Amino acid sequence: MNRFLSNATNKIDAKGRVSVPAQFRNVLARLDIQELYAIQDFVFPAITMGGPELLDRYERQIVGDDPFAMDINEMSLLIHGGGVFMKLDGEGRLMMSDFIRDYTKISDQVTFVGRSDHFQLWDPVRYEEKRQEALDRRMAGGQTRAGRGETG
């Protein structure tokens, strides 16, 4: 499988490292991703992580547009000024830096959430709250995508 699916919660060790779930490491290996691009998610209180193609996808959204337009400048500020490259250590662990902790409020555990071609790092409690909100909206028939009629 070449997709990040499911979720798993792992404990952060005393040195501030967390083991990336084996199924996610397997996808990284299959896709030959050596370096992870990490950025603060634009919707959720999570860090979005993927290979360099994740950065490429964001950059394609701003190429060709007016470089002086406010929305293009804001996007560049977020994806270039707010993104970092990270690597797993030799044992498949990720360092939980201040960049990650400050934005997500992660303390002693991390929930890894598969998002198809990338994954996210969440505080477990916040993840469960947002997951339940999304499920409740779906169960109530609400859709929030543009053009499909939003419900409360």
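**The nonpolar core**

Start by selecting Met49, Met96, Val110, Phe112, Phe119 and Leu121 in this predicted model. They belong to the largest nonpolar core, which has 21 residues, and they are the members that touch the most other members. Next, colour helix 1 (22–30), strand 3 (36–40), strand 4 (47–50), strand 7 (109–114) and strand 8, each of which gives at least two residues to this core. Helix 1 provides the largest share, 3 residues. In soluble globular proteins, nonpolar side chains tend to be buried together.

Now keep Phe112 alone and show what surrounds it. Apart from residues up to four places away in sequence, Phe112 touches Ser6, Asn7, Ala8, Asn10, Val18, Ser19, Val20, Pro21, Phe24, Phe119, Gln120 and Leu121. Then select Ile39, Leu54, Ile62 and Ile79. These are among the 9 residues of a second core, separate from the one above.

**Ile12, in a loop**

Go to the loop between strand 1 (7–11) and strand 2 (17–19), where Ile12 lies. Is Ile12 buried or exposed? Its relative accessibility is 8%, so Ile12 counts as buried; the cut-off for buried is under 20%. Setting aside neighbours within four places in sequence, the contacts of Ile12 are Arg17, Val18, Met96, Arg101, Ile106, Ser107, Asp108, Gln109 and Val110. Met96 and Val110 were in the opening selection from the largest core.

For a sense of scale, draw a distance between the C-alpha atoms of Ile12 and Asp136. The viewer should give 30 Å, for two residues 124 places apart along the chain.

**Two buried threonines**

Select Thr104, which is in helix 4 (residues 98–104). Thr104 counts as buried because its relative accessibility is 0%. A polar atom of its side chain is 2.7 Å from the backbone oxygen of Ile100. Beyond four places in sequence, Thr104 is in contact with Pro45, Ala46, Ile47, Leu121, Asp123 and Arg126.

Move on to Thr48, in strand 4. With a relative accessibility of 1%, Thr48 also counts as buried. Which side chain makes a polar contact with the side chain of Thr48? The partner is Gln120, at 3.1 Å. Display the other contacts as well: leaving out residues up to four places away in sequence, Thr48 touches Tyr37, Ala38, Ile39, Asp41, Leu54, Tyr58, His118, Phe119 and Gln120.

**The largest pocket**

Thr48 and Gln120 are also among the residues lining the largest pocket. To see the whole lining, select Asp41, Phe42, Val43, Phe44, Thr48, Arg57, Tyr58, Gln61, Met75, Arg115, His118 and Gln120. The volume of this pocket is about 300 Å³. Colour the lining by class to find 5 nonpolar, 4 polar and 3 charged residues. Then highlight helix 2 (residues 52–62), which contributes 3 residues, the largest share of the lining.

**The second largest pocket**

Keep Phe44, Arg115 and Gln120 on screen, since the next lining includes them too. With them, select Val113, Trp122, Tyr127, Lys130, Arg131, Ala134 and Arg137 to complete the lining of the second largest pocket. Its volume is about 210 Å³. Which elements supply at least two residues each to this lining? They are strand 8 (119–122) and helix 5 (124–139). Helix 5 has the largest share, with 5 residues. By class, this lining is made of 5 nonpolar, 1 polar and 4 charged residues.

**Two positive phi angles**

Most residues other than glycine have a negative phi, and most peptide bonds are trans. The last two stops have a positive phi. Select Asp32, in the loop between helix 1 and strand 3. Asp32 is not a glycine, yet its phi is positive, at about 55 degrees. At 55% relative accessibility, Asp32 counts as exposed, because the cut-off for exposed is over 50%.

Finish at Ser116, in the loop between strand 7 and strand 8. Its phi is positive as well, near 75 degrees, and Ser116 is a residue other than glycine. The relative accessibility of Ser116 is 33%, so Ser116 counts as partly exposed.

Terms used
Residues numbered from 1 in each chain as written. Predicted model: local features only at pLDDT ≥ 70, side-chain atom pairs only at ≥ 80, totals over all residues. Heavy atoms only, no water. 1 Å grid on protein atoms, 1.4 Å probe; cavity = no way out; pocket = protein on both sides within 12 Å on 5 of 7 lines; lining within 4 Å. Points joined across faces, edges and corners; volume = space filled by probe spheres on them. Helix = DSSP H or I, 4+ residues; strand = E, 2+ residues; numbered from the N terminus. Nonpolar A, V, L, I, M, F, W, Y, C, P; charged D, E, K, R; others polar. Buried < 20%, exposed > 50% of the residue type's maximum accessible area, 1.4 Å probe, protein only. Polar contact = N/O pair within 3.5 Å; in protein donor to acceptor, adjacent residues only side chain to side chain. Contact = heavy atoms within 4.5 Å. Core = buried A, V, L, I, M, F, W, Y, C linked by side-chain atoms within 4.5 Å.
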